[in-house]
Amino acid sequence: MTDLLLLPGDGIGPEVTAEVRRVAQALTPDLKLDERPFGGASYDLTGAPLADETLAAAKAARAVLMGAVGGPKWADAPRDKRPEAGLLALRAGMEVFANLRPALCFAPLADASSLKREVVEGLDMMIVRELTGGVYFGQPRFVEDLPGGGRRAVDTQVYTTAEIARVARVAFELARGRRNKVASAEKSNVMESGLLWREVVTELHRRDYADVELTHILADNAAMQIVRDPRQFDVLLTDNLFGDILSDAAAQLTGSLGMLPSAALGAAGKPGLYEPIHGSAPDIAGQGVANPLAAILSFEMALRWSLDRAAEADRLFAAVQRALEKGARTR
Ligand code: IPM
Ligand code: MG
């Protein structure tokens, strides 16, 4: 059985996953690694960004680590064949509904943030983003021509109680191992799905997690609070689209998108999907200047959440901190 399936992908993806391979060889040489093309690289080879065998291999592995996908080369590929479509199909196919996106400000990097040091120093928040539902996958979605000219595009934001409850449960469980606080962000003031979100989270909290401190926050206010006083947050629970946006904002607080890992988890015992938050950065690909720490820290999360290697994860995390303290930087 493969322990870790590497999907290097496109742009800087292959460079940063090569560094993960080196770390794995040094730290956990007994882990069985495998590797497949993914995204644009897979499209070029097979005509599909996610080949059926690759999805099967991902579901059969204990953990999957993706580098990055996409780039200008595939901008004109058919929509359902674009590298990003492969990523969404991988998330859906692996049923990894809970996306953990830590925003952690490493002390030596506090001055790299666009916010003042005193606002971000010591920041340690965790965004839990719903990953396999909402407007990313909702049906119907289409573009149609209007009889009188012009066109009309439709996307659908949709959530079921079960989808909300399972990701909320992950957020509450995580909070218990941290500062015991969950802020749940939605737009219950304008959206039906937001109202249902708030009701389900409230009910689950009352029933199973009354010991956790829960607050509800409107997503727009959450955006403001993230740049005003991010350290008020411990776990921030939100849907797929708001999570996409809020996690980019939170990432920038830490000084570099190149530093942040993520984990996407499904049902217990199922493989997790680990990805750096950054993209494929085609403008710097192939120059050996990309920061591999987000990918390396994604491996750290894989060790912790899927591979049952908490001790090695702790060592790796400490090694990253030491490297930063010693001044390790990429351009
Ligand atoms: C992310 C990315 C993806 C998303 C894109 C590449 C499809 O922005 O992982 O945050 O929107 O989920
Ligand atoms: Mg994003």
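The second largest pocket of this predicted model is lined by 22 residues, and those nearest its centre are Ser-256, Val-289, Asn-291, Thr-330 and Arg-331. About 400 Å³ of space lies inside this second largest pocket. Sorted by class, its lining has 13 nonpolar, seven polar and two charged residues.

Now to the largest pocket, whose volume is about 750 Å³. Its lining counts 27 residues, with Glu-84, Ala-85, Leu-87, Leu-88 and Tyr-136 nearest the centre. By class these divide into 13 nonpolar, three polar and eleven charged residues. Strand E3 (63-68), helix H4 (83-94) and helix H9 (240-253) each provide at least two residues of that lining, and the largest share, six residues, comes from H4.

What fills this space? Ligand 1 takes up the largest pocket. Around ligand 1 you will find Glu-84, Arg-91, Arg-101, Arg-129, Tyr-136 and Asp-244. This shell is made up of five charged residues and one nonpolar residue, with no polar ones.

Here are some polar contacts, each between an oxygen atom of ligand 1 and an N or O atom of a side chain:

| Side chain | Distance to an oxygen atom of ligand 1 |
|---|---|
| Arg-101 | 2.8 Å |
| Tyr-136 | 2.6 Å |
| Asp-244 | 2.8 Å |

Taken alone, ligand 1 exposes 320 Å², and the protein buries 73% of that area. Tyr-136 is worth a second look: this residue is among those nearest the centre of the largest pocket, and its side chain has an N or O atom 2.6 Å from an oxygen atom of ligand 1. Glu-84 likewise lies among the residues nearest the pocket centre and belongs to the residues around ligand 1.

Notes
Residues numbered from 1 in each chain as written. Chains lettered and ligands numbered in written order. Predicted model: local features only at pLDDT ≥ 70, side-chain atom pairs only at ≥ 80, totals over all residues. Heavy atoms only, no water. Near = heavy atom within 4 Å. Polar contact = N/O pair within 3.5 Å; in protein donor to acceptor, adjacent residues only side chain to side chain. Areas by Shrake-Rupley, 256 points an atom, 1.4 Å probe, with all protein chains shown as cover. 1 Å grid on protein atoms, 1.4 Å probe; cavity = no way out; pocket = protein on both sides within 12 Å on 5 of 7 lines; lining within 4 Å. Sits in = over half its atoms within 2 Å of the grid points. Nonpolar A, V, L, I, M, F, W, Y, C, P; charged D, E, K, R; others polar. Points joined across faces, edges and corners; volume = space filled by probe spheres on them. Helix = DSSP H or I, 4+ residues; strand = E, 2+ residues; numbered from the N terminus.
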